[in-house]
Amino acid sequence: MPNDERLVNEQHLEPLMPHPEGRALRAEVDLGRIARNLDRIRTASGGRGIWGVVKANAYGHGAVPVSRALEDAGVYGLAVSSLEEGLELRRGAIECPILVLGGLRPEALPAASVENLTIAVVGPEHLDDYARALPQHPVRLHLKLDTGMGRFGLLPSELGENLPQLQRLSPWIEGAMGHFATADDPDSGFAQRQRRTFDACLSQLADAGIHPEQRHHGNSDACLRGMLDQDTHVRPGLALYGLTMVAEGRALGLEPALELVAEVARVKAMPAGTTVGYGRTFVAPHPLQIATLACGYADGYRRDLGNRAVVGFKGRTFPVVGRISMDYLTVALPLDVPVAPGDPMTLYSGDPAAAHSLERLAQTLGTIPYELTCALHRRITRRFLP
Ligand SMILES: Cc1ncc(COP(=O)(O)O)c(C=O)c1O
């Protein structure tokens with residue numbers, strides 16, 4: 001890649017510098033809640049070591065501050081998706097183990113070794129290259145086994161023919177890992193099959209003299225639902241952020257850590273019959289006020305929430321009306337509600353029971369909360385509460 005292209009990319013990844021007089025849209029991230037969620041997950045997981053999953057900018061919450069909070073709260077290690085995400089954490093002075101879940105091309109091993117990253121081996125294709133490179137560029141390896149997710153990992157059928165190469169890598173193999181495809185499914189038949197496959201793979205490795213000291217197969221839902229078996233470690237992501245899709249998560253008292261808040265940019269009183277926004281999809285049924293907020297689909301607020309979501313204001317909720325545009329959305333309020341430019345409105349609430357909680361909005365959209373938080377653009381100011 002030419003140098004100038006790399007520069008453009010790096011600049012693109014940097015969050016915008018917030019300015020006190022700038023765009024009034026912020027994600028407020030409560031790091032204390034994340035630390036408490038970690039404690040609760042630790043208890044639910046029987047004290048197993050926790051690889052906290054902070055990929056995708058900590059699910060949109062802010063990778064480095066969240067990682068620092070987790071490190072201070074005693075997380076065992078952090079899991080990211082790519083080399084770049086691992087390097088971002090090291091640049092942010094994160095010192096605990098960092099596991100790169102998405103694997104690594106052999107050419108990148110020197111960089112990973114210098115930064116003391118732990119690498120998931122996600123397939124058989126580079127085992128020989130790894131064996132050649134690791135004596136000079138050592139990294140710890142976690143062997144990913146495809147027990148039923150069908151993406152990354154060695155298939156059980158590939159294990160036998162690759163045992164000689166894995167034996168050569170054995171001094172560096174610290175862990176073995178799988179990933180549940182259906183940990184949220186009350187009918188746990190497939191998860192049990194994955195577990196049996198994992199156990200069979202580990203026995204095959206043990207027979208070949210390969211004894212990873214760590215084993216981990218569980219994401220958040222597996223932690224919350226006690227599907228951990230003989231695992232030494234767990235890999236929760238969503239639950240750390242206080243979001244969950246299973247009842248056990250709420251019962252554990254997980255607290256959502258993120259609120260999305262926008263200040264009102266403009267307020268207008270409108271007569272009945274006025275239409276609002278592109279396509280004129282909202283027609284005022286009676287005189288009302290329209291508050292415009294500087295948050296749109298470019299910020300990650302989904303376009304299909306127009307005419308479907310509500311926002312929180314002064315203890316009440318009010319409907320988002322009209323289409324969401326790139327940088328703005330519009331809220332309808334009765335004429336007797338005092339509202340002025342600068343007033344804060346909550347777009348994503350930290351109260352899981354609220355109609356504008358991330359889980360409820362995700363349900364409305366037929367998606368999962370991950371998609372909504374991961375989509376929060378880096379141009380949104382993150383404000384971190386201790
Ligand atoms: C390999 C792997 N492990 C763990 C997790 C964490 O999953 P969750 O956020 O559901 O806890 C993910 C997330 O997608 C993942 O890809």
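Tyrosine 59 reaches the ligand with its side chain: an N or O atom there is 2.6 Å from a ligand oxygen atom. The model is predicted. The ligand sits in the second largest pocket, and the protein covers 91% of the 400 Å² of accessible area that the ligand has on its own.

**Polar contacts with the ligand**
- Tyrosine 370 places a polar side-chain atom 2.5 Å from an oxygen atom of the ligand.
- Lysine 55 also takes part, with a polar side-chain atom 2.9 Å from a ligand oxygen atom.

**The shell around the ligand**
- The ligand has 13 residues around it.
- Those that come nearest are Tyr59, Ser220, Gly237, Leu238 and Tyr370.
- By type, the shell holds 6 nonpolar, 4 polar and 3 charged residues.

**The pocket**
- The second largest pocket holds about 590 Å³ of space.
- Its lining is made up of 30 residues.
- Closest to the pocket centre are Lys55, Tyr59, Arg151, His179 and Asn219.
- The lining divides into 16 nonpolar, 8 polar and 6 charged residues.

**Helices in the lining**
- Three helices each supply at least two lining residues: H3 (55–59), H10 (220–224) and H13 (369–374).
- H3 gives the largest share of the lining, 3 residues.

**Residues to look at in the structure**
- Tyr59 is among the residues that come nearest to the ligand, and Tyr59 is also among those closest to the pocket centre.
- Lys55 is likewise among the residues closest to the pocket centre, and its side chain has a polar atom 2.9 Å from a ligand oxygen.

Conventions. Residues are numbered from 1 along each chain as its sequence is written. This is a predicted model: local features need pLDDT of at least 70, side-chain atom pairs count only at pLDDT 80 or more; totals for chains, interfaces and linings use all residues. Side-chain values use heavy atoms; hydrogens and water are left out. A residue is near a molecule or strand if one of its heavy atoms lies within 4 Å of it. A polar contact is a pair of N or O atoms within 3.5 Å; within protein, one must be able to donate a hydrogen and the other to accept it, and residues adjacent in sequence count only if both atoms are side-chain atoms. Accessible areas come from the Shrake-Rupley method with a 1.4 Å probe; for residues, only the protein chains shown count as cover. On a 1 Å grid over the protein atoms alone, a cavity is a set of points where a 1.4 Å probe fits but cannot get out, and a pocket is an open set with protein on both sides within 12 Å along at least five of seven lines; lining residues have an atom within 4 Å of a point. A molecule sits in a cavity or pocket if more than half of its atoms lie within 2 Å of its grid points. Ala, Val, Leu, Ile, Met, Phe, Trp, Tyr, Cys and Pro count as nonpolar, Asp, Glu, Lys and Arg as charged, and the others, Gly among them, as polar. Grid points are joined across faces, edges and corners, and a volume is the space filled by probe spheres set on the points. Helices (H or I, at least four residues) and strands (E, at least two) are DSSP runs, numbered from the N terminus.
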